[in-house]
Amino acid sequence: MTIAKHYMTEPQNNKPLYFKTVENMKPNDKDKADTGENQGLRVSCGKTGGKTFFYRYKSPITKKLTQLKIGSFPSLSLADARVKLQELKQARREGRCPASELQIAKDVEKEKNILAEQAQETGSFLVKDLVELYLTQYIEDRRTESGKKVLGARKAKGQYETRRLLYSDVVPTLGDRLAAEITRKDVVNVIMAIIDNRGANVQAGSVLRELSSAYEFALGLDKFSDQFANPALLAKANLKQAKVKLTSTRGKRFLSQNEITLLLKWLPGSGYTQTQKNILRLALWTGCRTGEICSAQWSNIDLEKGTYHITESKTGAVRSVQLPTQAIAFLRSLRLITGQYLFESKKTNLPIQQKSLTEQAWLLRKKGKNLDIADWTPHDLRRTVRTHLSQIQCPNEVAEAILGHARSGIEGTYDLHRYEPECKIWLQKWADYLDSLLED
C-alpha cells in the first residue's frame, strides 16, 4: 500500500540494524532503518510492544513511496527479513511493484475463493473451470503472495502445448458442461472424434492423459465427492479394451530411390503450403527432425560457415548441422523475406507448428491428393536420409553424427569426435545425389 505523508521523512541512521537493537525497542520508539545493501528495511514497535519489519521503497509503477510488511519479530529473524528484502528488491529492479503484486494476488485469491464457494453451492464447477484450475495451479508458472515465482510442472514449451491441447480439443466440446456430470462415454466421444476426423492417434492419447490428470488434480483438492470416479480414467480402460491405439509405433517406413524421385517431382505442385514445402526440402537435405527445422532461428544459422547450430533438440544434445551448398543457396534467398524465424506463421509471427505438417499430410491422404505411394509421414524423411546414406557408402559413425544420434557404450564414452568435416562432405554427396535423381 502507499504510505501517508507523515511517513515520508526517513530516520537518520548510519548504522546497520542489530538483533539487540530490534529486541530492545520499546513502544512509541521511532522506526529503525537498516543501511548499506539492506537499505529500505525498517522495523517499527507498536503500542503493545510487537515489532514488525517493513520494506519501504519508491514504487516503479506509481512513483510513490510505498511500504510493504515483511513479517513480525521474533518469529521472523533479522537475517530472514534481510533475505526477504533482497527478493523484494530484485522484483523492484525488474520494474515490478511487490506491494501491487501482493494486492493483486490477494484479490485473485479472494475471487477464486468466491468462485469456489459459488461452485460448491450451485454445483457450477464446469469443465473449463477444471481445465483452468489444472493449468494455472499445477502446469504453469505462478507467483506466491510475496511475488516469488513458483515453477510449474512443465517447462515453458510444455505449458504452452498443454494449454493449447486442452483448449483445442476439450473446452470447445465439453467446456460449458458440469465437470461432475461428464461420463466415460463423453470422453470416449471426444477422443474418437480426434482419431476419426484427423487421424491423430497420438494427439488423442495426449488429450486423454491431460484430461485425466486434470480430474485427478481437482479430486486432490476436494472438488468432487468421495464417490466420484474420474471419467477419463474410465474412458482409458474402455479404449484399451477396444484396442484403440493412442501411441506411436516404432517407424520402419522409408522412401525408396524411386519414391524419392516421385516426391521431388510432386512436392512443388502439392497441396502443402510453400512454408511446409520448404521445411520438407530442408529435412530431406539435412536429415534434421522436422521439429528442429520448424523452430529454427536465423541467430543459429551461419551462412558463411554453412552451419545450423541446434541448441535445443529432442535428445537435449547440442550440435552443428553441416549444410550442403543447395541448402545454403536456398537459405540465402529465404533470409530476404523472413523475420526472426526461418519458418514463421503469418498469423502469429512465431515458428510454424510441427503438427501442421502431420495434419496436412493426413488431410491430403483423406482427400486423395497425397503422393500416390504407400503411406508416409514427414518424419519418414529422416529415416529415408539415414537409410540412403548407408546405401551410398557413408560410414556408419558419420551417418549417425549427421542425424545427431548419441553413441552408446564405451565408444560414446571415449570417442568424442563430432565428425563435422566428414558430415559436411557426406551431406554434400547426399544433396548431389538428390539432384541426380531429377536428371534421370
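**Figure 1. Helix H11 has the length its residue count calls for.** At 1.5 Å a residue, the 13 residues of helix H11 (residues 274-286) should span 18 Å, and the end C-alpha atoms are indeed 18 Å apart, so the two agree. Please keep in mind, here and in every view below, that this is a predicted model. How many of the 13 residues of H11 are buried? Ten of them are, so the helix is largely enclosed by the rest of the structure. If you would like to find them, the buried residues are Gln-276, Lys-277, Asn-278, Ile-279, Leu-280, Leu-282, Ala-283, Leu-284, Trp-285 and Thr-286. Just after H11 comes Gly-287, with a positive phi near 80°.

**Figure 2. Four strands make an open, antiparallel sheet.** Reading across the sheet, the order is E1-E2-E3-E4. Strands E1 (32-33) and E4 (65-73) are the edge strands; each has a single partner, so one side of each is left without a neighbour in the sheet. Helix H2 (residues 78-93) packs on this sheet and touches strand E2 (41-45), E3 and E4. The direction of H2 makes about 20° with that of E3.

**Figure 3. Strand E3 pairs with E2 and with E4.** With E2, the antiparallel pairing runs over five bridges; with E4, E3 (residues 51-58) pairs in the antiparallel sense over eight bridges. To find your way along the strands, start at Lys-51 in E3, the bridge partner of Cys-45. Thr-52 has Ser-72 in E4 as its bridge partner, and Phe-54 stands opposite Lys-69 in E4. E3 is mostly covered, with seven of its eight residues buried.

**Figure 4. Two hairpins join E2 to E3 and E3 to E4.** Five residues lie between E2 and E3, and in that turn Gly-49 has a positive phi of about 95°. The hairpin of E3 and E4 has six residues between its strands. Which residue takes a positive phi in the hairpin of E3 and E4? Look for Lys-63, where phi is near 65°.

**Figure 5. Tyr-215 and Phe-228 form a stacked aromatic pair.** The count for the model comes to 13 aromatic pairs. In the one shown here, the ring centres are 5.8 Å apart and the planes differ by 25°. Tyr-215 belongs to helix H8 (residues 201-220), while Phe-228 sits in the loop between H8 and helix H9 (231-241), so the pair ties together parts that are 13 residues apart in sequence. Both partners fall under the 20% limit for a buried residue: Tyr-215 has a relative accessibility of 1%, and Phe-228 has 17%. Ring pairs also link these two with Phe-125 and Phe-224 in a cluster.

**Figure 6. Trp-266 and Tyr-272 meet edge-to-face.** The ring centres are 6.1 Å apart and the planes stand at 80°, which is over the 60 degrees needed, so the pair is edge-to-face. Are these rings buried or exposed? Trp-266 is buried, with a relative accessible area of 17%, and Tyr-272 is buried at 3%.

**Figure 7. Two lysines lie over aromatic rings.** Lys-223 is found over the face of Phe-125, at 5.6 Å from the ring centre. Phe-125 is also a member of the ring cluster with Tyr-215, Phe-224 and Phe-228. In the other example, the charged end of Lys-429 sits over the ring of Trp-426, 4.0 Å from its centre.

Note on methods:
Residues are numbered from 1 along each chain as its sequence is written. This is a predicted model: local features need pLDDT of at least 70, side-chain atom pairs count only at pLDDT 80 or more; totals for chains, interfaces and linings use all residues. Side-chain values use heavy atoms; hydrogens and water are left out. Two strands pair if DSSP finds at least two bridges between them. Contact means heavy atoms within 4.5 Å. Axes are lines fitted to C-alpha atoms, for helices over the stretch in contact, and angles run from 0 to 180 degrees between N-to-C directions. The expected span of a helix is 1.5 Å times one less than its number of residues. Buried means under 20% relative accessible area, exposed over 50%, partly exposed in between (1.4 Å probe, protein chains only). Rings of Phe, Tyr and Trp (its six-membered ring) pair if their centres lie within 6.5 Å; planes under 30 degrees apart count as stacked, over 60 as edge-to-face and the rest as tilted. A charge sits over a ring if NZ of Lys or CZ of Arg is within 6 Å of the ring centre and within 35 degrees of the ring normal.
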